[in-house]
Amino acid sequence: MERGLFGAVSGIEMLSGGMIRLEVSEAEVNNITIRFLDRTGEPTVGKTRPETILRQLTTKKGQVYSMLQGKRDVDTVLAMGIMEDVSIIPQPAGDTGKVDLVMNVVERKSGAGISAGGGISSGITSGPLAGLIGSCAIYHKNLFGRNQKLNLSLERGQIDSIFRINYTDPWIEGDDKRTSRSMMIQNSRTPGSLVHNHPGGSLTIGRVTAGIEYSRPFRPKWNGTAGIIFQRAGARDDKGNPIIRDYYSSPLTASGNTHDDMLLAKLETVYTGSGDPGSSVFVFNMDQGLPVWSEWLVFNRVNARARKGLVLGPMRLLLSFSGGHVVGNFPPHEAFVLGGTNSVRGYEEGTVGSGRSYAVGCGEISFPLMGPLEGAVFADYGTDLGSGPSVPGDPAGARLKPGSGYGCGVGIRVDSPLGPLRLEYAFNDQRTGRFHFGVGLRN
């Protein structure tokens, strides 16, 4: 029972010499069926294909039924996002000594719908509606009864706008490695102020992106992704006109045209620990520009980040590090940016520097205050490793960005369904202070 096995001691025989022989009957799984129920518990016709649910289960015919394994299977089916309630009922399979498993599932009322919401962009730090974003989406979470997802979304802010069509198949049919496939088309406009900010005006970076990615677990807690992405990117002024140089005459494209084209091969590896807040995380990704056409950009970009949490009595220590490097001919607005809520706190977004290389380290100690409220003290340091001048046009040098800096401060945390809500105040090495608001753990 401690192991979660479903069985019983069916007989006891006393032997000489103080020996006891126990007969143990194991409950072998004879069959597994899916039963769809409505909210009142009555049988109904389901929209999801039974085989789509069955392949999620680790419990198979011929195994000894484990209640712990069954609970994990229930959690896995719920994680599909299309079920409202899931339970497993074991029933005797006649006189065979085996059990039939019936999985009762209650589907969500509708797999399709319309949603709306809002958020905050850290890239905009001025204006009457600084950083506010509204969004709406039309979605279907269970296409063809196969748990495939289709999402059409629009986000609109003071400057930001993103229109995105995304299709995801969480588990490709016929694949035994749990490989997922995602296809995306996106048209976005984001502020270019993090690298190319200038007084008295603003510019935006427009990107048209399309790509396909495949992802699968290859070891426990490890996941890999490979894909190919096409992107066309260019800059526009506050009137919407294409521009190739910023206020300080630094180039805005690598090709010298009004836009840059690139075809990127993407590789990513992700390690996640227990999944608890503050557990270990490691992410490594690489983008390689492919020279399919002579005018397409060729560069290699690597980026890595790691996070480690340690429990110290009632307190928790969180250490994080990130770094990256770019080799080749890349757009200046794609330079690594330093400073801000998820970089070096105490500075505005992007005001420490922008470079071909970077490294950022953070140490944070959090402790309980009352109820869901936590306090925190932290210190951050970031540097472009002297690579700012190697970015085409040296946009960081033209804006007299220091290239490195540190900040330290205090904050409070409140748990929410989106992750910790963070309100922080930090001083930087220039002896100026700043409030920061963020959602979730630091990247």
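Val-9 touches Leu-22, Glu-23 and Val-24, when residues up to four places away in sequence are not counted; contact here means heavy atoms within 4.5 Å. Val-9 is found in strand β1, which covers residues 7-15. The C-alpha atoms of Val-9 and Val-24 are separated by 4.4 Å, with the two positions 15 residues apart along the chain. The model is predicted, so that local features need pLDDT of at least 70 and side-chain atom pairs count only at pLDDT 80 or more, while totals for chains, interfaces and linings use all residues. Residues are numbered from 1 along each chain as its sequence is written, and side-chain values use heavy atoms, with hydrogens and water left out.

Ser-25 is found in strand β2, residues 19-26. Outside the residues up to four places away in sequence, Ser-25 touches Gly-7, Ala-8 and Ser-10. The relative accessible area of Ser-25 is 34%, and the residue is therefore partly exposed; buried means under 20% relative accessible area, exposed over 50%, and partly exposed in between, with a 1.4 Å probe and protein chains only. A separation of 42 Å is found between the C-alpha atoms of Ser-25 and Phe-144, which are 119 residues apart along the chain.

The chain as a whole has four helices and 24 strands. Helices (H or I, at least four residues) and strands (E, at least two) are DSSP runs, numbered from the N terminus. Along the principal axes, the C-alpha atoms of the chain fill a box of roughly 95 × 50 × 40 Å. Of the 443 residues in the chain, 40% are buried. Contacts between residues at least 6 apart in sequence include 54% that join residues at least 24 apart. The accessible surface of the chain comes to about 23600 Å², and 58% of this surface belongs to carbon and sulfur atoms. Accessible areas come from the Shrake-Rupley method with a 1.4 Å probe, and for residues only the protein chains shown count as cover.

The chain carries 46 positive and 42 negative side chains, and the centres of the two sets lie 3 Å apart. Lys and Arg count as positive and Asp and Glu as negative, whereas His and the chain ends are not counted. The place of a charge is taken as NZ of Lys, CZ of Arg, CG of Asp or CD of Glu.

An unreviewed UniProt entry lists residues 27-108 as "domain: POTRA". UniProt positions are given in the numbering used here, feature names are shortened, and annotations may be inferred rather than shown by experiment. In the model, the span 27-108 is 21% helix and 33% strand, and its end C-alpha atoms lie 32 Å apart.

Strands β9 and β10 supply two further positions. Ser-161 lies in strand β9, residues 161-169, and is buried because its relative accessible area is 17%. Beyond the residues up to four places away in sequence, Ser-161 touches Glu-155, Arg-156, Asn-187, Ser-188 and Arg-189. Ser-161 and Thr-190 are 6.7 Å apart in space, C-alpha to C-alpha, and 29 residues apart in sequence. Ile-185 has its place in strand β10, residues 180-191. With a relative accessibility of 52%, Ile-185 counts as exposed. Its contacts, again without residues up to four places away in sequence, are with Phe-163, Arg-164, Ile-165, Thr-209 and Ala-210. The C-alpha atoms of Ile-185 and Ile-165 are separated by 5.3 Å, at a distance of 20 residues along the chain.

Two loop residues have backbone angles of note. Asn-147 has a positive phi of about 65 degrees although it is not a glycine. Asn-147 lies in the loop between β7 (132-143) and β8 (148-157), and is buried at a relative accessible area of 5%. Asp-394, also not a glycine, has a positive phi of about 45 degrees. The loop that holds Asp-394 runs between β21 (373-383) and α4 (395-398). Asp-394 is partly exposed, with a relative accessible area of 22%.

The structure holds zero disulfides, a disulfide being a pair of cysteine sulfur atoms within 2.5 Å. Cys-362 is in no disulfide, and the nearest cysteine sulfur, that of Cys-408, is 11 Å away. Cys-362 is buried, with a relative accessible area of 9%, whereas Cys-136 is partly exposed at 39%.
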